[in-house]
Amino acid sequence: MTDRPGFSFLVCPDPEMLKRHLERLMASSGGGFARQVFWGDADDFDVAYWQALATVSLFAQPKAVVLRRAEGLLSDFWEKLARPLAGFNQHVWPVICLEGQHDPKKGPSLPRGLSERPYWKVGQKKGWVWISPGLTEENMMPTLRDWANAHRLNFGKGVLQELVRLLPRDMTACARELEKLELAATDGVITQDTLELLSEEAELDIFGFLKALEEGRDAAGVWRTVFGHQLSSDDGFLFQFLAILTREARTMWQLLHEDPECRVHPYVKKLKTPMASRLGPAGLARLFDLAMDAESSVKSGVKSPDQAMEMLVADLHLLFARVRSRS
């Protein structure tokens with residue numbers, strides 16, 4: 001086993017990115033670690049955690065004692081943690097995961113007083129603290145390059161930039177989309193044609209949500225089905241959603257006016273043209289207005305991303321309620 005950290009703090013709002021980093025960290029430390037996982041957000045904190053930090057596993061196999069979702073634990077926990085982290089235990093590797101939201105400007109939200117603890121300062125000095133904002137517009141491109149190199153793939157002209165725009169800011173969902181691209185790549189190259197696998201699916205997803213609003217169905221249920229755990233206060237997702245919404249509105253505008261430049265699959269055309277007709281020019285223009293209002297309200301600081309998203313959904317409800325009342 002090579003040298004490993006005395007302890008590790010992993011700070012990231014994306015659980016999949018956090019798990020992948022831990023795998024790389026353990027591999028670079030020689031591997032062979034047993035793993036015990038505890039949960040900081042459990043209804044009753046498992047007191048066996050403290051025992052796990054103090055005891056050696058069977059046959060003295062080195063173990064990583066991983067505490068997930070520890071960001072909500074109170075000050076008495078962080079005080080008590082000082083003793084297990086005070087010295088190096090060759091058999092026990094404490095790993096503490098903080099998975100709260102990461103503010104683009106202020107950085108991660110750490111538990112109160114943690115940054116003042118001596119062990120935190122030691123961890124930072126020795127490089128035992130890893131902090132990542134998750135997938136963002138800034139790190140998506142190098143992440144995709146690393147993925148392509150690992151899979152011996154290349155990107156066609158403009159494809160990398162388009163992927164940065166299209167892919168979800170969630171590692172689990174992003175990995176699923178990348179698997180599709182890998183399977184569809186021709187001679188090891190991901191082309192613009194391949195991206196139809198992503199763009200059409202995204203359009204149909206947002207269309208399913210709009211369709212539920214138009215029909216007065218349980219839009220909240222459809223929202224959960226379509227977006228799952230991606231919906232959060234992260235402004236990266238808000239702007240991604242706005243980009244998809246405006247693209248959807250643009251497609252329906254072209255279909256309404258029979259624009260010859262609108263090249264969509266015949267099935268998509270058959271599906272979306274009726275909604276475009278029911279919305280009409282005024283309704284489609286309203287979609288653009290709502291997207292612009294949501295974006296400007298966040299960028300001007302008037303609303304948080306969560307507030308802008310809630311207002312946008314409420315306004316979409318009203319828009320489609322008026323469409324239903326006319327039919």
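In the predicted model, the chain comprises 12 helices and nine strands. Of its 327 residues, 43% count as buried. Among contacts in the chain with a separation of 6 or more, 75% are between residues 24 or more positions apart.

In soluble globular proteins, nonpolar side chains tend to be buried together. The largest nonpolar core of the model holds 34 residues, of which Leu-10, Leu-144, Leu-163 and Leu-167 touch the most other members. At least two residues of this core come from each of helix H1 (15-28), strand E3 (63-68), strand E4 (92-98), H5, helix H6 (159-166) and H7. When neighbours within four places in sequence are left aside, Leu-144 is in contact with Phe-155, Leu-160, Leu-163, Val-164, Leu-167 and Leu-178. A second core, separate from the largest one, has 29 residues, including Leu-213, Leu-245, Val-313 and Leu-319.

Helix H5 (residues 137-150) packs against helix H7 (residues 171-184) at an angle of about 45°, and the two axes lie 12 Å apart. Because the angle falls outside the ranges for roughly parallel, perpendicular and antiparallel pairs, H5 is oblique to H7. The crossing of H5 past H7 is right-handed. On the H5 side, the contact is made by Met-140, Thr-143, Leu-144 and Trp-147, and on the H7 side by Met-171, Cys-174, Leu-178 and Glu-182. Six of the residues in this contact are nonpolar, one is polar and one is charged. Leu-144 thus belongs to the contact of H5 with H7 and is also one of the residues that touch the most other members of the largest nonpolar core.

How values were computed: Residues numbered from 1 in each chain as written. Predicted model: local features only at pLDDT ≥ 70, side-chain atom pairs only at ≥ 80, totals over all residues. Heavy atoms only, no water. Axes fitted to C-alpha atoms, helices over the stretch in contact; angles between N-to-C directions. Helix = DSSP H or I, 4+ residues; strand = E, 2+ residues; numbered from the N terminus. Parallel < 35°, antiparallel > 145°, perpendicular 65-115°, else oblique. Left-handed = near helix turned anticlockwise from the far one by under 90°. Contact = heavy atoms within 4.5 Å. Nonpolar A, V, L, I, M, F, W, Y, C, P; charged D, E, K, R; others polar. Core = buried A, V, L, I, M, F, W, Y, C linked by side-chain atoms within 4.5 Å. Buried < 20%, exposed > 50% of the residue type's maximum accessible area, 1.4 Å probe, protein only.
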